[in-house]
Amino acid sequence: MRRALPFVAAFLAAACHRPPEPYGPVSAFVPVAFRSNNPGRPIWAPKVTLTNTSGAPSSVRLTRWPPDAPDAEERVFDLAPGETCSVPPRIPHGTVSSLFFESRAPFRVSAEIVDRRHLTPSLVVPILSSEDLARPGDRLRVGPLVDTASERSHFCFTFPGVERDAVPFRVRLRLLSPGSETLVHESTFVLTGLPLVIDDPWKRFHVASGTPFDVEVTFLGSARSRPVARGLWVYGITATKATGASRFLETRVTRGSAR
């Protein structure tokens, strides 16, 4: 509990003010930044770089959510033409965070989760734009998620920190047999104000262990009836039990009208 206190304080402090105004039309969303140091497991840490690809000096604003301290939630990077810099993680240990970059000029972000012992292959993180994220009424589908003797999957709801005025979000979840519409589970619930990892969906949703399924999420909007600034994302990861090597599963978005 003592270790959690700084993180809780950071979250409460950040939640007390409204999200910042948009910093520019060019954006990049890193859906997961994670670091941990659990005994017997890879020592995971994020590795993120930012490059100014424009021909002039530019500024890029980063929003971390959640950060490891209130003063680390936002940072502006001032970059010379073509300059590349490393982005300090500044995220809580054992907690999944997201990173959101905005600028008036073009830039490039690369991100991966690396094992600091170099014993497990790194996991390259997909970089999304604001336009990729699901808006209210859209459906996301990711899968198949599996739990076998050799592999295990999990999934996560994530969103940029600029959504902190609109969260919590309402979602409808359906677990479907892979590649079909055969229903395995259905429920509607409210997400928290933080990225939410579903580490064991079989236990969480009372599905028989080992049952493969796709996850379909319909984004219903803000539970507070607030405007959604950018959107919601759901990603899935499958890990090989013997080696710890992981891969992202494909997430597909079906656009729909607001509900």
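**Figure 1. Salt bridges in the predicted model.** The model is predicted, and the count of salt bridges in it comes to 19. Six residues, Arg139, Arg141, Arg174, Glu181, Asp214 and Glu216, are joined into one network by salt bridges that share partners. Two further close-ups, in Figures 2 and 3, deal with individual pairs.

**Figure 2. The salt bridge between Glu102 and Arg61.** The closest N and O atoms of Glu102 and Arg61 are 2.8 Å apart. This pair links distant parts of the chain: Glu102 belongs to strand β6 (residues 97-103) and Arg61 to strand β3, with their positions 41 residues apart in sequence. Both Glu102 and Arg61 are buried. In the pairing of the strands, Arg61 stands opposite Val76, a residue of β4.

**Figure 3. Asp147 with Arg152 and Lys241.** Asp147 forms a salt bridge with Arg152, where the closest N and O atoms are 4.0 Å apart. Asp147 also forms a salt bridge with Lys241, and here the closest N and O atoms are 3.7 Å apart. The pair of Asp147 and Lys241 links distant parts of the chain, 94 residues apart: Asp147 lies in the loop between β9 (139-145) and β10, and Lys241 lies in the loop between β15 and β16. Asp147 counts as buried because its relative accessibility is 15%, under the 20% limit. Arg152, at 27% relative accessibility, counts as partly exposed. Lys241 also counts as partly exposed, with a relative accessibility of 45%.

**Figure 4. Strand β15 and its pairing with β10 and β16.** Strand β15 covers residues 233-240, and six of its eight residues are buried. Strand β10 (residues 151-158) runs antiparallel to β15 and is joined to it by eight bridges. Within this pairing, Tyr235 of β15 is the bridge partner of Cys156. Strand β16 (residues 246-248) also pairs with β15 in the antiparallel sense, here over three bridges. Ile237 stands opposite Phe248 of β16. Strands β15 and β16 form a hairpin with five residues between them. In the turn of this hairpin, Gly244 has a positive phi of about 85 degrees.

**Figure 5. The open sheet β1-β6-β3-β4.** Four strands make up this open sheet, in the order β1-β6-β3-β4, and their pairing is antiparallel. The edge strands, each pairing on one side only, are β1 and β4 (74-79). From one strand to the next, the twist averages 20 degrees. Strands β3 and β4 run antiparallel and are joined by six bridges.

**Figure 6. The open sheet β5-β2-β7-β8.** This open sheet is also formed by four strands with antiparallel pairing, in the order β5-β2-β7-β8. Its edge strands are β5 (84-86) and β8 (123-124), each of which pairs on one side only. Nine bridges join β2 to strand β7 (residues 107-115), and the two run antiparallel. Asp115 in β7 is the bridge partner of Trp44.

**Figure 7. The surroundings of Ser54.** Ser54 sits in the loop between β2 (44-52) and β3 (58-65). Ser54 is classed as buried because its relative accessible area is 14%, under the 20% limit. Its side chain makes a polar contact of 2.7 Å with the side chain of Asn52. A polar atom of the Ser54 side chain also lies 2.9 Å from the backbone oxygen of Ala56. Not counting residues up to four places away in sequence, Ser54 touches Pro81, Gly82, Ala105 and Pro106.

**Figure 8. The largest nonpolar core and Phe169.** The largest nonpolar core has 63 residues. Strand β1 (residues 26-33) gives the largest share of this core, five residues. The residues with the most contacts inside the core are Leu50, Phe101, Phe155, Phe157, Phe169 and Val215. Leaving aside neighbours within four places in sequence, Phe169 is in contact with aromatic residues including Phe159, Phe189 and Phe219. Among the other residues in contact with Phe169 are Val190, Leu191, Val228 and Leu232. Glu163, Gly221, Ser222, Ala223 and Gly231 are also in contact with Phe169.

Note on methods
Residues are numbered from 1 along each chain as its sequence is written. This is a predicted model: local features need pLDDT of at least 70, side-chain atom pairs count only at pLDDT 80 or more; totals for chains, interfaces and linings use all residues. Side-chain values use heavy atoms; hydrogens and water are left out. Buried means under 20% relative accessible area, exposed over 50%, partly exposed in between (1.4 Å probe, protein chains only). Two strands pair if DSSP finds at least two bridges between them. A polar contact is a pair of N or O atoms within 3.5 Å; within protein, one must be able to donate a hydrogen and the other to accept it, and residues adjacent in sequence count only if both atoms are side-chain atoms. Contact means heavy atoms within 4.5 Å. A nonpolar core is a set of buried Ala, Val, Leu, Ile, Met, Phe, Trp, Tyr and Cys residues joined through side-chain atoms within 4.5 Å. Axes are lines fitted to C-alpha atoms, for helices over the stretch in contact, and angles run from 0 to 180 degrees between N-to-C directions. A salt bridge is a side-chain nitrogen of Lys or Arg within 4 Å of a carboxyl oxygen of Asp or Glu.
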